[in-house]
Each structure stands twice: as C-alpha cells, then as structure tokens.
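Trainee: I have a model open and would like to learn how to read it. Could you take me through it, one feature at a time?

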Amino acid sequence: MASQGARQDVEAMMKEKCESLWKDVNKNQAVLKSHSGSDFREDTENVMAAISEVRVKCLQGEIDAVKEKEIQVLPNHPVILETLLRSQLERAVSQLEECLAVGEGRRKELEDDLERQEELLTQHREMASALELRLEEAQQGGRKSRPTEDSQVKLLQRKQKKAREIQNRLLKQIADFIGKHFPLPSQDTTRNSKGELCKFTPLLDMIELLMNTGMGGDLDPYIPVSEVFWPPYVELLLRCGIASRHPQDPNRIRLVPLHL
C-alpha cells in the first residue's frame, strides 16, 4: 500500500510539471503569432542578398587578380631558355620521385599485409581440414560403436596422406627460406680424410635427411656427421634446437622430436 501511494504522488508531480510546461508552450506560441510573418521573410531575403553580394565581390577579386598578374614571357636566349626549362623539369622530376617513393612504400606495406593474410588463410584452411577430419571420425564413431579393421586402415591412410601434404608444403617453404638466407659458402668444396675433394651438402639437404631419418620410422634416428656437412651449419642446427647430438657419440646427430 505504501509503494502504491508513493507511485501516485510521483504521477501527480509529473502531471503538474507537464501542465506547467504546456502553459509555457502556449504562451510562447501566442507571442510568436503576435508578430507579423512578413518581417521574417524580409530578414531572410536580406541575408540571402548579403551572401550573394559577398560571393560577387570574391569572384570579382579573383578576376582582378588574374588581370593584374603579369604574363611570364620565356626569354629568347637559348642558353637561358634551356636553363629555365631544365630547372622546371628537374623540379617536376623531384616531385614525381617523391610521389613514387610514397607509392612504393605503400605498395610494400600492402604486399606485407597480403603475405600475412595469405599465411592466416593457409592456417585457417589447415585448421578447417583438421576439424573436418575430426568431425568425420566422430560421425564414424557414432555410426559404428566398434569400427571395422578396413575403416581403421582407410582412416590411417587419409591421415598419412594429409601428413605428407603438410610435409611437402613445409619442405617447400623451408627450401625457399633456406635458399634465400643460407647459401653455401663461396668455397663450396672441402677435402675428406683421404685428401679427395668433395662438395659441401646444402643446408636444405641436411634438414631433409634429418627429417626423413627421424620421421621415417627407423629404429635409429641418428645420422653421422659427414665431412661434407659444413661445420657452421651443423652448429647452427644444434644451437637452434633443430638437431641434437647422440649422448654417447658426438659425431652423430638426430632431428629433435618437436611434435612430442
């Protein structure tokens, strides 16, 4: 009951305030009606006439400025004319070079952004493929509580095919990166223990050999450090955590199992 009485009091106050505002509106409307509408139209016409007059004066000023401007006459002397034209041409070339530099910078930014977007797209596609594979596995598991041996083999074959595709794509990316940033030394030959000349093995071939040995299912994932392996590249693989030495034989290395 008390809350209902308070609500009635609030409604009464709001009604009284609305009535007061409505009286003010009626009073202002009466004042406006008492004035003639012709004065308002006359004021509007005077303002538009003043604006038009200002515009006319501005345009007349521009016309007078063009008339008073002296026309530049090129000299007849060939040397002076050539110097003047050369100066104007160099100024124009300088301005165009600045515009070109700005355009090149913008193009580089767009290319970098495009490369990042393509990498994100590739990652999203890989994620979508993985999710589709998991969904298919879940659907097969829901249809069959005990999957047959044939379905398991097909599932493993699809996984193996997907893994090979990812491996080939990674190998291509690694090849592009290594070929650009890790070339062989200018002196790309060395002598083995027998004194025979032999060529250094490229870094990409070293990594590919480590990957094939480490992920090929061999019982012994280690490979011997050959004399054709350039020592700085071997040290690079060890320091970056890509390869590790054998605990008992430092002359053998293996690919670090990053997937574990």
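Trainee: How many residues does the largest nonpolar core have, and which have the most contacts inside it?

Mentor: Happy to help! Please keep in mind that this is a predicted model, where local features need pLDDT of at least 70, side-chain atom pairs count only at pLDDT 80 or more, and totals for chains, interfaces and linings use all residues. Residues are numbered from 1 along each chain as its sequence is written, and side-chain values use heavy atoms, with hydrogens and water left out.

Now the general idea: in soluble globular proteins, nonpolar side chains tend to be buried together. A nonpolar core is a set of buried Ala, Val, Leu, Ile, Met, Phe, Trp, Tyr and Cys residues joined through side-chain atoms within 4.5 Å. Buried means under 20% relative accessible area, exposed over 50%, and partly exposed in between (1.4 Å probe, protein chains only). Here the largest core has 17 residues, and Leu203, Met206, Ile207, Leu210, Phe229 and Leu237 have the most contacts inside it. Two or more residues come from each of helix H4 (149–181), H5, helix H6 (231–239) and E5. H5 gives the most, with five residues.

Trainee: What do the labels H and E stand for?

Mentor: They are DSSP runs numbered from the N terminus: helices (H or I, at least four residues) and strands (E, at least two). This chain has six helices and five strands, in the order α-α-α-α-β-β-α-β-α-β-β.

Trainee: Why does the length of helix H5 agree with what it should span?

Mentor: The expected span of a helix is 1.5 Å times one less than its number of residues. H5 (residues 203–215) has 13 residues and should therefore span 18 Å, and its end C-alpha atoms are indeed 18 Å apart.

Trainee: Which residues of H5 are buried?

Mentor: Leu203, Met206, Ile207, Leu210, Met211 and Thr213 are. Thr213 counts as buried because its relative accessible area is 12%. Its side chain also reaches the backbone oxygen of Leu209 at 2.8 Å. That is a polar contact, meaning a pair of N or O atoms within 3.5 Å; within protein, one must be able to donate a hydrogen and the other to accept it, and residues adjacent in sequence count only if both atoms are side-chain atoms.

Trainee: Where do the buried residues of H6 sit around its axis?

Mentor: For this we use an arc, that of the directions from the helix axis to the C-beta atoms. In H6, Tyr233, Val234, Leu237 and Leu238 are buried. They cover an arc of only 140°, so they lie on the same side of H6. On the other side, Pro231 and Arg239 are exposed. The cover over the buried residues of H6 includes H5, E4 and E5. After H6 comes Gly241, with a positive phi near 75°.

Trainee: What does Phe229 touch?

Mentor: Contact means heavy atoms within 4.5 Å. Leaving out residues up to four places away in sequence, Phe229 touches Phe200, Thr201, Met206, Leu209, Ile223, Pro224 and Val234.

Trainee: And where is His246 found?

Mentor: His246 is in the loop between strand E4 (243–245) and strand E5 (252–255). Its side chain reaches the backbone nitrogen of Gln248 at 3.0 Å. With residues up to four places away again not counted, His246 touches Tyr222 and Arg252.

Trainee: Is Gln152 buried, exposed or partly exposed?

Mentor: Gln152, found in helix H4, is partly exposed because its relative accessible area is 36%.
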